[in-house]
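Trainee: Could you take me through one part of this model in detail? I would like to see how its strands are put together, and then what surrounds them.

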Amino acid sequence: MIWRRIRELLGGGEGRGRDPDAIWLYVQCAHCGAPLAVRADRRYDLNPEEDGSGYVLIKEIMDDRCFRLMRAEVHLDAAYRIVARTLEGGRFLSPEEYARLTGSTAEGRAP
Ligand SMILES: [Zn+2]
C-alpha cells in the first residue's frame, strides 16, 4: 500500500514518533539509478559548523546494485532543518519519489 509507505517515509523525516534522532536522506545513484534511503543520526553523524550556525552531515553512501560510492554533504541549521545539500555521484529524491521508485515498480529504473 503505497500511501502507508509514503506516510511512514514522511513521518521519519519530521523528527517525531519512534525515531526522533533520525535524519533520512533519499538518494538515487547517478550510474545505475538505484534508489536508496539512508538513515543518519542527529546524535552521532552531525558535526558543528565552523561558524556555529548549525551542523554539517557528511555521509558516504553505497548502493547495492553497482556499488559506486556517493558522497552526501548536508548542512542543517540549529533546529536540524536542512538548509543546503549536495550529492556527488547521484541526486537527492523526495520521499514521494523514493516511495514511487521502490513501491510501485519494484525493480524499475528511473526514467
Ligand atoms: Zn549505482
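**Strand β1 and its surroundings**

Mentor: Happy to! Strand β1 (residues 22-29) runs antiparallel to β7, and 3 bridges join the two. Please keep in mind that this is a predicted model. Two of the residue pairs are easy to find on your screen: Cys-29 stands opposite Gly-90 in β7, and Gln-28 has Arg-91 of β7 as its bridge partner.

Now turn to β2. Here β1 pairs over 7 bridges, again in the antiparallel sense. Within this pairing, Tyr-26 stands opposite Ala-37 in β2. The hairpin of β1 and β2 has 5 residues between the strands, and in it Gly-33 takes a positive phi near 80°.

Put these pairings together and you have an open sheet of 3 strands, in the order β2-β1-β7, with antiparallel pairing. Its edge strands are β2 (35-41) and β7 (90-92), each of which pairs on one side only. Neighbouring strands in this sheet are turned by 35° against each other on average, with direction ignored. As for burial, β1 is mostly covered, since 6 of its 8 residues are buried. Buried here means that 20 or more other C-beta atoms lie within 10 Å of the residue's own.

It helps to set this beside the other sheet. There, 4 strands form an open sheet in the order β3-β4-β5-β6, and the pairing is antiparallel. The edges are taken by β3 (46-48) and β6 (82-88); each has a single partner strand, so one side of each is left without a neighbour in the sheet. Neighbouring strands of this sheet are turned by 20° against each other on average, direction ignored.

Inside that sheet, strand β4 (residues 54-62) and strand β5 (residues 69-77) run antiparallel and are joined by 9 bridges. A good residue to click on is Ile-58, which lies in strand β4. Its bridge partner in β5 is Glu-73. Is Ile-58 buried or exposed? Ile-58 is exposed, because 12 other C-beta atoms lie within 10 Å, and a residue counts as exposed at 12 or fewer. Ile-58 also makes a handy distance check: Leu-46 is 12 residues away in sequence, and the two are 7.8 Å apart in space, C-alpha to C-alpha.

One last thing to look for as you rotate the view: in a regular strand, side chains alternate between the two faces of the sheet.

Technical notes:
Residues numbered from 1 in each chain as written. Predicted model: local features only at pLDDT ≥ 70, side-chain atom pairs only at ≥ 80, totals over all residues. Pairing = 2+ DSSP bridges. Axes fitted to C-alpha atoms, helices over the stretch in contact; angles between N-to-C directions.
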